[in-house]
Amino acid sequence: VDTDAEAKTAADKKRKLKEFNLNLQIIQENIRSIEQRIKHQNDQVEQLKKDGQTVNNFLLDNIQKLQQKHEQAITEMQIRLHQKEDITQKFDQDIKRFKQLKNPL
């Protein structure tokens, strides 16, 4: 078995995991941003209530939409983490198989 194939598989694994990690960082930043926006708008609601003013439905609807986006982002993060785990296992199995073929016993 060609050691180049084993090295290429290891390099492919590293590249693919780097892509996944970058994607996960983007999703995490998106989650943080949404959380900040939810907090800011909830603070606005609290301030309006404290001042005895009416809270408009637009603000409440926007908070609800942000909460839905947050849930979607969390779900996407979970899916990506599962995919990353699957990819890691696949590459590890391939590398193990190359080593077994190279050194049968």
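Which helix do the buried residues of α2 pack against? Hold that thought and work through the exercises below.

This is a predicted model, where local features need pLDDT of at least 70 and side-chain atom pairs count only at pLDDT 80 or more, while totals for chains, interfaces and linings use all residues. Residues are numbered from 1 along each chain as its sequence is written, and side-chain values use heavy atoms, with hydrogens and water left out.

**Exercise 1. Check the two helices against their expected spans.**

Step 1: Pin down the terms. Helices are DSSP runs (H or I, at least four residues), numbered from the N terminus. The expected span of a helix is 1.5 Å times one less than its number of residues.

Step 2: Take α1. Its 48 residues should span 70 Å at 1.5 Å a residue, and the end C-alpha atoms of α1 are 70 Å apart, which agrees.

Step 3: Now do α2. Its 46 residues should span 68 Å at 1.5 Å a residue; the end C-alpha atoms of α2 sit 67 Å apart, so that agrees too.

Step 4: Have a look just past α1, where Gly-52 takes a positive phi of about 75°.

**Exercise 2. Work out what covers the buried side of each helix.**

Step 1: Set the cut-offs. Buried means under 20% relative accessible area, exposed over 50%, and partly exposed in between (1.4 Å probe, protein chains only). Contact means heavy atoms within 4.5 Å.

Step 2: List the buried residues. In α1 they include Glu-6, Thr-9, Lys-13, Leu-17 and Phe-20. In α2 they include Leu-59, Ile-63, Leu-66, His-70 and Ala-73.

Step 3: Think about spacing. An α-helix has 3.6 residues a turn, so residues three or four places apart point the same way.

Step 4: Answer the opening question. The buried residues of α2 pack against α1 (3–50), and what covers the buried residues of α1 includes α2.

**Exercise 3. Find the largest nonpolar core and say who supplies it.**

Step 1: Define it. A nonpolar core is a set of buried Ala, Val, Leu, Ile, Met, Phe, Trp, Tyr and Cys residues joined through side-chain atoms within 4.5 Å.

Step 2: Name the members. The largest one has five residues, namely Leu-24, Ile-27, Ile-31, Ala-73 and Met-77. Both α1 and α2 supply at least two residues each, and α1 gives the most, with three.

Step 3: Zoom in on Leu-24. Not counting residues up to four places away in sequence, Leu-24 touches Met-77, Arg-80, Leu-81 and Lys-84.

**Exercise 4. Follow three buried residues across to the other helix.**

Step 1: Start with Glu-6 in α1. Glu-6 counts as buried because its relative accessibility is 14%. Apart from residues up to four places away in sequence, Glu-6 touches Ile-95, Phe-98, Lys-99 and Lys-102.

Step 2: Go on to Phe-20, also in α1. With 12% relative accessibility, Phe-20 counts as buried. Leaving aside neighbours within four places in sequence, Phe-20 is in contact with Arg-80, Gln-83, Lys-84 and Ile-87. The C-alpha atoms of Phe-20 and Lys-84 are separated by 6.5 Å, even though these residues are 64 residues apart along the chain.

Step 3: Finish with Ile-63, found in α2. Ile-63 counts as buried at 6% relative accessibility. Setting aside residues up to four places away in sequence, Ile-63 touches Gln-41, Asn-42 and Val-45.

**Exercise 5. Trace the polar contacts and ring geometry around Lys-90 and Asp-94.**

Step 1: Define a polar contact: a pair of N or O atoms within 3.5 Å, where, within protein, one must be able to donate a hydrogen and the other to accept it, and residues adjacent in sequence count only if both atoms are side-chain atoms.

Step 2: Place the residues. Lys-90 lies in α2 and is partly exposed, with a relative accessible area of 45%. Asp-94 lies in α2 (residues 57–102) and counts as buried because its relative accessibility is 12%.

Step 3: Connect them. The side chain of Asp-94 makes a polar contact with the side chain of Lys-90 (2.9 Å) and another with the side chain of Arg-97 (2.8 Å).

Step 4: Check the ring. A charge sits over a ring if NZ of Lys or CZ of Arg is within 6 Å of the ring centre and within 35 degrees of the ring normal. The charged end of Lys-90 sits over the ring of Phe-91, 5.4 Å from its centre.
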